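Hello,

Here is the structure I promised to pass on to you. Have a look at it first, and my notes on what turned up follow below.

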There are 2 protein chains.
Amino acid sequence: MTIKSKNITWHDGQVTRDEREHLLGQRGATIWFTGLSGSGKSTVAVAAEHALHERGRLTYVLDGDNVRMGLNKNLGFSPEDRTENIRRIGEVAKLFTDAGAIVFTSFISPYRADRDQVREIMADGDFIEVHVHADLAICEERDPKGLYKKARAGEIPEFTGISAPYEEPEKPELVLDTGKYSVEESVAQLTAFLEKKGYLTA
Amino acid sequence: MTIKSKNITWHDGQVTRDEREHLLGQRGATIWFTGLSGSGKSTVAVAAEHALHERGRLTYVLDGDNVRMGLNKNLGFSPEDRTENIRRIGEVAKLFTDAGAIVFTSFISPYRADRDQVREIMADGDFIEVHVHADLAICEERDPKGLYKKARAGEIPEFTGISAPYEEPEKPELVLDTGKYSVEESVAQLTAFLEKKGYLTA
């Protein structure tokens, strides 16, 4: 129902997701990057974010910097807390997706069950699992934060790929092989996927 | 640093909040509605959302429907859980604000300390506390969800205004008196505030 009163149109209920997407000229989506430390998740996310922003799209990156220090600052690294960490990130990504944004999440998220739980709360097509892949040897050679060195020295317990498992996605929407392709090529692959699937228009 | 490579401009670091705000033509902000049940928080939020959307602004409403069923579904109603409920909502609102959105939160949020904690994590000007006010007698007469009736019958323990306190904001950015003004007038007061303070341009 719509009631026209003076210059303002009144509506029952909230502005819809469709209306926001139409305003933004894009379809809301969660682009869930998963992969080993050093696989290039953040590098590709930042580069993709810029590429989309330059095309006038609204993007946002959820990562350790803005999540672990804020929403999830009361979580530690126990198995339960790691699962809750990913669950909350998934719920926030869902809200951003509903708002019409294209949101990137950049977390190792090593466990299939945790990622699948996020997929389950999302509507079909809203969750785009992207396996950012490079062989462990390559990631360890890159070691941008010196974490593998510390993990090999036993200074970091339960480090994914060294002393804790990484469970590869079985049916990701996309695999970006950063051992084979440049950042530029990976971004091109991702944006081509988004374009083909209709995420960049509304 | 910016590196130009083929058709894509590469940047160190993420797209900035300023860049997103420029894209959206608005300044990100959290409009924190607080007030008794039946004071008109949701009604005004939805009407304001439509008014801003029609002016081409990106808005989003965080309320019980999309938060209590998702992000905060593992929280109950103990004092600790109520505080954690508001804390998480504040952190999510902060992320939306950083994304450049104008986000409305529509929760009774009866405790001053909880609201002040949210104000503290936000940058100056990002947190707009709006006291949606109507006398208890008016709210109780409206009783849109029949909750006051149940509370008076003792069926709802610790109901704000009846058997639990509501701590009025001491220095809210805005008071909307829905006992005196219509929804339309309240929305006009809010949008005039946002316009005057520069939130609707970037």
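Let me start at one small spot: B:G56, just after α2(B), takes a positive phi of about 80 degrees. Before going on, please keep in mind that this is a predicted model, in which local features need pLDDT of at least 70, side-chain atom pairs count only at pLDDT 80 or more, and totals for chains, interfaces and linings use all residues. Residues are numbered from 1 along each chain as its sequence is written, while chains are lettered from A and ligands numbered from 1 in the order in which they are written.

Back to α2(B), residues 41–54 (helices are DSSP runs of H or I with at least four residues, strands runs of E with at least two, both numbered from the N terminus). Its end C-alpha atoms are 20 Å apart, which agrees with the 20 Å that its 14 residues should span at 1.5 Å a residue (the expected span is 1.5 Å times one less than the number of residues). This helix is mostly covered, with 12 of its 14 residues buried. Here buried stands for 20 or more other C-beta atoms within 10 Å of a residue's own, exposed for 12 or fewer, and partly exposed for anything in between, with C-beta atoms placed from the backbone. Among the buried ones are B:K41, B:E49 and B:H50.

Chain A as a whole has 8 helices and 7 strands. Its C-alpha trace spans about 70 × 35 × 25 Å along the principal axes, and 44% of its 202 residues count as buried. Of the contacts in chain A between residues at least 6 apart in sequence, 75% join residues at least 24 apart; a contact needs C-beta atoms, placed from the backbone, within 7 Å.

Next, α8(A), residues 183–196: this helix has 14 residues and reaches 20 Å from its first C-alpha to its last, close to the expected 20 Å. A:S186, A:V187, A:L190 and A:L194 are its buried residues. Seen down the helix axis, they fall within an arc of 100 degrees, so they line one face of α8(A) (the arc is that of the directions from the axis to the C-beta atoms). They pack against α2, β6 (127–133) and β7 (174–177) of chain A. On the other side, A:A192, A:E195 and A:K196 are exposed. A:G198, which follows α8(A), has a positive phi near 85 degrees.

Now for the two chains together. Chain A is superposed on chain B by a rotation of 180 degrees with 0.0 Å of shift along its axis, at an RMSD of 0.0 Å (least squares on C-alpha atoms of residues with pLDDT of at least 70 in both copies). The two copies are thus related as by a two-fold rotation axis. In chain A, A:V92 has the C-alpha nearest that axis, 3.5 Å from it.

How many residues does each chain bring to the contact? Chain A gives 36 residues and chain B gives 36 residues. On the side of chain A that touches chain B, α2(A) gives the most, with 7 residues. Also, 100% of the interface residues of chain A are interface residues in chain B too, so the copies meet through the same surface.

One residue to click on is B:V92 in α4 (79–99) of chain B. B:V92 counts as buried because it has 25 C-beta neighbours inside 10 Å. Beyond its neighbours within four places in sequence, B:V92 is in contact with A:L71, A:V92, A:L95, B:L62 and B:L71.

Best wishes

Definitions and conventions. Two residues are in contact if their C-beta atoms, placed from the backbone, lie within 7 Å.
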